[in-house]
Amino acid sequence: AHVRLTVTDIARSKAFYDRVFGWPTAVDASQHVDEPGVRESAEQFYGGVVYQTPQGTLFGLRPVGSTSFESATTGLDHVSFAVGSRADLISAAAALTDADIEHGEVTDLSDAGMAILSFQDPDDINIELTAPLS
């Protein structure tokens, strides 16, 4: 139904995800993040933001992290979002390049029947786009 990432700087992360995906926000409490008690309040979404993805999944950002993300420790390895085709991955790679966001190459994983494109968010969380090969 949803996933939420902890981030070190909500304004920076919100700007990044707005620029990369442009999803509509379902909830945006980021303007209140520095008010007393907001970072501890579920009712105020911890001063974060929640996006509505095209597939209907909610994707949130919560400003509580104080250290850099480490994918090799217990917790999250990466977050993946599906796109319709390999051509969409190629278009996404071009859009990331145009936005000066470093990214990997579109890589075919033939045994898995999909192609992937990976890039890092501002907290070094790996974001992956996937598409079917067929």
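Of the 134 residues in the chain, 34% are buried, and this share is computed from a predicted model. The chain contains 2 helices and 8 strands, and along the sequence these elements follow the order β-α-β-β-β-β-α-β-β-β. Its radius of gyration is 16 Å, close to the 14 Å that the globule rule gives for 134 residues, so the chain is as compact as a globular protein of that length.

**Overall dimensions, contacts and surface**

- Taken along the principal axes, the box filled by the C-alpha atoms of the chain is roughly 50 × 30 × 30 Å.
- When contacts with a separation of 6 or more are considered, 53% of them join residues that stand 24 or more positions apart in the chain.
- The chain exposes about 7500 Å², and carbon and sulfur atoms supply 50% of that area.
- Among the side chains there are 7 positive and 20 negative ones, and the centres of these two sets lie 5 Å apart.

**Aromatic rings**

- A pair of aromatic rings is described by the distance of the centres and the angle of the planes.
- A search of the whole structure finds 10 aromatic pairs, and the pair formed by F21 and W23 counts as stacked because the ring centres are 4.1 Å apart and the planes meet at 15 degrees, under the limit of 30 degrees.
- Ring pairs also link a cluster whose members are F16, Y17, F21, W23, Y51, F59, F81 and F119.
- W23, a member of this cluster, counts as buried because its relative accessibility is 11%, which falls under the cut-off of 20%.

**Two buried threonines**

- T53 is found in the loop between β3 and β4, the latter covering residues 58-62, and T53 is buried, with a relative accessible area of 4%.
- Leaving aside neighbours within four places in sequence, T53 is in contact with W23, F59 and F81, three residues that also belong to the aromatic cluster.
- The C-alpha atoms of T53 and P24 are separated by 7.6 Å, although these two residues are 29 residues apart along the chain.
- T130 lies in strand β8, which runs over residues 126-132, and with a relative accessible area of 13% this residue is buried as well.
- Not counting residues up to four places away in sequence, T130 touches S80, F81, A82, V83, L89, M114, A115 and I116.
- F81 therefore appears in the contact lists of both threonines, given that contact means heavy atoms within 4.5 Å.

**Two residues with positive phi**

- Most residues other than glycine have a negative phi.
- F45 has a positive phi of about 55 degrees although it is not a glycine, and F45 is found in the loop between β2 (25-28) and β3 (49-52).
- At 31% relative accessibility, F45 counts as partly exposed, because this value lies between the limits of 20% and 50%.
- D124, which is likewise a residue other than glycine, has a positive phi near 70 degrees, and D124 is found in the loop between β7 (114-120) and β8.
- With a relative accessible area of 44%, D124 is also partly exposed.

Technical notes: Residues are numbered from 1 along each chain as its sequence is written. This is a predicted model: local features need pLDDT of at least 70, side-chain atom pairs count only at pLDDT 80 or more; totals for chains, interfaces and linings use all residues. Side-chain values use heavy atoms; hydrogens and water are left out. Helices (H or I, at least four residues) and strands (E, at least two) are DSSP runs, numbered from the N terminus. The radius of gyration is taken over C-alpha atoms; the globule rule is 2.2 Å times the number of residues to the power 0.38. Buried means under 20% relative accessible area, exposed over 50%, partly exposed in between (1.4 Å probe, protein chains only). Accessible areas come from the Shrake-Rupley method with a 1.4 Å probe; for residues, only the protein chains shown count as cover. Lys and Arg count as positive and Asp and Glu as negative; His and the chain ends are not counted. The place of a charge is taken as NZ of Lys, CZ of Arg, CG of Asp or CD of Glu. Rings of Phe, Tyr and Trp (its six-membered ring) pair if their centres lie within 6.5 Å; planes under 30 degrees apart count as stacked, over 60 as edge-to-face and the rest as tilted.
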